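Visitor: I am new to this structure. Please take me through one part of it closely, the middle chain and what it packs against.

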Amino acid sequence: MSLLVVEGLTKTFGGLRAVSNVSFAVEPGAIVGLIGPNGAGKTTTFSLMSGFQRPTAGDVFFMDERITGLSPDAICLRGLTRTFQIMQSFPKLTTLQNVMIGAYARHTTVTAARRHAMDIMSRLAMVERAQELARNLTLADLKRLEIAKALATSPRVLLLDEVVSGLTPTEVDELVVLIRSIRDDGVTIVMIEHVMQAVMALSDMIVVLHHGEKIFEGVPQDAVKDPRVVEAYLGEELLLA
Amino acid sequence: MSVRALLTALVAGVVLLGLPRFLGEHHMHVIIQILLFAYLSLCWNILGGFAGQLSFGHALFMAAGAYTSTLLLLHAGISPWIGMIAGGVIAAALGLFIGYLSFRYGIKGTYFALVTLAFTEIARIVALNTPAIGGALGLYIPIQTDDFWHLKFIQKSHYYYVALAFLLVALAVNAWLERSAFGHRLVAIRENEDAAQALGINLLRYKLQATALSAFLTALGGTLFAHYVTFIDPHTLLNMNMALELTIYAIIGGVGTLWGPVLGALFLVPLAEGVRAAFGQSYAGIHLVIYGAVLIGVILFAPDGFIGVLRSIRELRPRRAPAAQSSEARS
Amino acid sequence: MSLDLILQAIVTGILLGGVYSLICVGLTLTFGVMRIINFAHGEFLMIAMYGTYFFSQTFKLEPYAAVIVTLPGLFVLGVLIFHTLIRPILGAEPLNQMLLLVGVSLVLQNGALALFSPDTRSVQSALLYSKIELGEVIISMPRLIAFAVSIAITLALYWQLRFTELGRRIRAAASDRETAALMGINVNRVNLIAFGIGVGCLGIAGPIMMPVYYIVPNIGTFFILIAFVVVVLGGIGNFMGALLASFIVAIAESLGALFMPGSTAPVLPFLLFVLVLLLKPEGLFAGRPQ
């Protein structure tokens, strides 16, 4: 039984179709890469799935429950958590406090939340940054913080939005290992990514969006050979770092 | 709690408890006002500081408390200690109503502030035109006793101790907010609503809870205020000056902090008294010229308030080993 | 309730709407600059009205003549306040910007209280009691003049914003500061002028309103709240919306005075506002540039 199903998802803004009849299913334990040229509608799709925007048409099913139109917090509490492409931390709070906010999704007391947050942070090698204010973090650390916060909510499905873009190849490699270990712990992942190195290394399945439509769904090796995918990316820089 | 903190608390306790013995009636009056406004702004701080929803509606909550307990006393002889609870409930209901209308559509920031101001103005006009609650003439609390049960004392020092107790309660609530999951969630909402939502925090629910708590406690202060000044009317309680004034203490002292509102009141109330003394009791509201000027100065030069200035000074001091800095962030 | 009374109320409302529109388009202009509602806008109007009063008392002239002082005076005041107080914090949190203006409002309003006492004052004018009668409806001349001048100025402003170079720059800077700067517009100077004009509107509103109103130091409070209701109804930042909403609010207020007991009529615009909140809360978002 598919864990997460997106069916005929459509979103129009005024006359513009940002997302058009997109459908795909995510199996438990999979890592799905959601790729496509800029403006393809990937982040909008995430917003629609996580409740930040209402679809004009179509549905989202999570664990057989129709979650279309639910509020973002309700969806998060059901086990689907997203990160933001433009990082949304709590800048004046410390790293630890940031992660604790995520921990409160499942832990009611401050002590339990702190313990869980420290747990998550040690898995992400962020413990030394615990007392630093989020606004003083480097880009790489901020990206980790985004993941840490989301992970602290103990999600079943994690929607990662461009968590490796802007990082050095070494940093990308580190995050790839991390993301794989998160999956190995039982979290299903859908990731939007431009950095092909990460996408190819991690994805079990790839969904390609172009102008809001799904133009490909399949294994990564087939994606790079598919003529429609290649054409969509012509003129786009493929980061095959 | 460290030894130093304990000792400070002890000394402070002794000083505060013994204060009335050394001060005359006029000084007691000023101190009581400091305590009252510190209390009110700590209550405001719950919604305006921790939850980050700037509200000009707290005059309304204060008035709800004052009017409810006074009317219950005048018409049914009910003690203000019970009346204030009723007032608190009514204020909380008003807060929930206004909050629900506003928050369910994500009205926030400056727009929310103006919405609360509009409601305060509605209340003012309605109160002015409702003779049943005193109308423009207001209500007097005519009790001549010296009586705890009626919250009416001859000696100012008794009011002082009551006000001090209120302040301690408000400080306790604020301190709890600083350390509790509920408070942390409010701060998350304040710092970044989208991020908070994405992590499972229901904005409406928590904002409403903060509003209800803040309104309830503010109303209690309204009752105390009413019994101290023994006269309430829409012009004093519900005019825009009061609505604005209630926010200023926390903003100048440091919004969202534990001691900010107290510092604000400590600084501004004596200042206002000084202004009044200098201008010989002329028109009510003169002190607000000074408050306004201080507010402008704070926004321009020290937007985090006095607490922010104190923190900056602390950060400028020579640092010890990095590990020792962990006392700064309270987790 | 006779038809004549209702008709009279509507006419009075329309005349009042003209004046509100002048006040509110000024507010809309300053909103375009600061992205928040100028809390001290009502106090600037109050200053213009006091200025009119003292001018006409001192020189024994018609209050309308005061415009030669209040118009440039308010423009300069707006420019000064913008330059010294507002420009430094344009990048700060909107709430902080508003609080600054709250401070300005407190200083001005209570300063006026200290200087002028809470006594109400009104002006003398030869036109004070003249009126036009259209059937059963009486139109008082001062109100008619206020209406006519307000509409003329509002339309002139609209024309300026739409069709002149300065107007285009003001609109560009209001809609997107960075892009406007990239296009070579001196955003600072444009904002300065726009703010000055926004406040300068009140320099015209003051003299024409004095024959119609009396003044007290806290009259600004009443007008800022009305102006807030108007711009919310009309869509914040929306010039035409503010214009239309001015009339709606004024007529509602005027009709309300007929049907509501005692002096509760002023509550009508706020009830209207609460209704908007209940039924069309996007009224608070319409017109806001994305």
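Guide: What follows looks at chain B, its helices and its neighbours, and then at a few loops elsewhere.

Keep in mind that this is a predicted model.

Start with how the chains meet. Two pairs of chains touch, and the pair with the most contacts is B and C. Chain A and chain C do not touch. Their nearest C-alpha atoms are 12 Å apart. Chain B, by contrast, has a contact with chain C and another with chain A.

Take the contact with chain C. Chain C puts in 37 residues, and chain B puts in 33 residues. On the side of chain C, the elements giving two or more residues are α4 (94-116), α9 (219-234) and α11 (268-279). Of these, α4(C) gives the most, with 15 residues. Now sort that side of chain C by class. It has 28 nonpolar residues, 9 polar residues and no charged residues.

Now the contact with chain A. Here 30 residues come from chain A and 21 residues from chain B. On the side of chain A, at least two residues each come from α2 (72-78), β6 (80-82), α3 (95-103) and α4 (110-123). The largest share is from α3(A), with 5 residues. By class, this side of chain A has 13 nonpolar, 12 polar and 5 charged residues. So much for the neighbours.

Go inside chain B next. Three helix pairs are worth a stop.

The first pair is α3(B), residues 58-76, and α9(B), residues 203-229. Their axes come within 7 Å and cross at roughly 55 degrees. That angle makes α3(B) oblique to α9(B). The crossing of the two is right-handed. Which residues of α3(B) make the contact? They are His58(B), Phe61(B), Met62(B), Ala63(B), Ala64(B), Gly65(B), Ala66(B), Ser69(B) and Thr70(B). From α9(B), the residues in contact include Ala215(B), Thr218(B), Gly221(B), Gly222(B) and Phe225(B). By class, the contact of α3(B) with α9(B) has 10 nonpolar, 8 polar and no charged residues.

The second pair brings in α9(B) again. Its partner is α4(B), residues 80-103. The two helices pack at an angle of about 145 degrees, with axes 7 Å apart. This crossing is right-handed. The contact of α4(B) with α9(B) has 16 nonpolar, 11 polar and 1 charged residues.

The third pair is α2(B) with α6(B), residues 156-179. The angle between them is about 20 degrees, and their axes are 9 Å apart. That makes α2(B) roughly parallel to α6(B). The crossing is left-handed. By class, this contact has 21 nonpolar, 4 polar and 2 charged residues.

Helix α2(B) also leads to the core. The largest nonpolar core has 273 residues. Those with the most contacts inside it are Tyr39(B), Leu295(B), Ile23(C), Ala205(C), Val229(C) and Val230(C). The helix that gives the most to this core is α2(B), residues 25-50, with 15 residues.

Look at one of those core residues in chain C. What does Val229(C) touch, leaving out residues up to four places away in sequence? It touches Val249(C), Pro269(C), Phe270(C), Leu272(C) and Phe273(C).

Finish with three loops in the other chains.

Most residues other than glycine have a negative phi. Two residues here go the other way. Phi of Ser154(A) is near 50 degrees, a positive value in a residue other than glycine. Ser154(A) sits in the loop between α5 (139-152) and β7 (157-161) of chain A. Is Ser154(A) buried or partly exposed? Ser154(A) is partly exposed, because 17 other C-beta atoms lie within 10 Å.

In chain C, phi of Arg35(C) is near 70 degrees, again a positive value in a residue other than glycine. Arg35(C) is in the loop between α1 (3-34) and α2 (41-59) of chain C. With 17 C-beta neighbours inside 10 Å, Arg35(C) counts as partly exposed.

The third stop is Asp185(A). It lies in the loop between α6 (169-184) and β8 (188-192) of chain A. Asp185(A) has 9 other C-beta atoms within 10 Å, so Asp185(A) is exposed. Along the chain, Asp185(A) and Gly29(A) are 156 residues apart. In space, their C-alpha atoms are separated by 9.0 Å.

Note on methods
Residues are numbered from 1 along each chain as its sequence is written. Chains are lettered from A and ligands numbered from 1 in the order in which they are written. This is a predicted model: local features need pLDDT of at least 70, side-chain atom pairs count only at pLDDT 80 or more; totals for chains, interfaces and linings use all residues. Axes are lines fitted to C-alpha atoms, for helices over the stretch in contact, and angles run from 0 to 180 degrees between N-to-C directions. Helices (H or I, at least four residues) and strands (E, at least two) are DSSP runs, numbered from the N terminus. Angles under 35 degrees count as roughly parallel, over 145 as roughly antiparallel, 65 to 115 as roughly perpendicular and the rest as oblique. A crossing is left-handed if the near helix is turned anticlockwise from the far one by less than a right angle, and right-handed if clockwise. Two residues are in contact if their C-beta atoms, placed from the backbone, lie within 7 Å. Ala, Val, Leu, Ile, Met, Phe, Trp, Tyr, Cys and Pro count as nonpolar, Asp, Glu, Lys and Arg as charged, and the others, Gly among them, as polar. A nonpolar core is a set of buried Ala, Val, Leu, Ile, Met, Phe, Trp, Tyr and Cys residues joined through C-beta atoms within 7 Å. A residue is buried if 20 or more other C-beta atoms lie within 10 Å of its own, exposed if 12 or fewer, and partly exposed in between; C-beta atoms are placed from the backbone.
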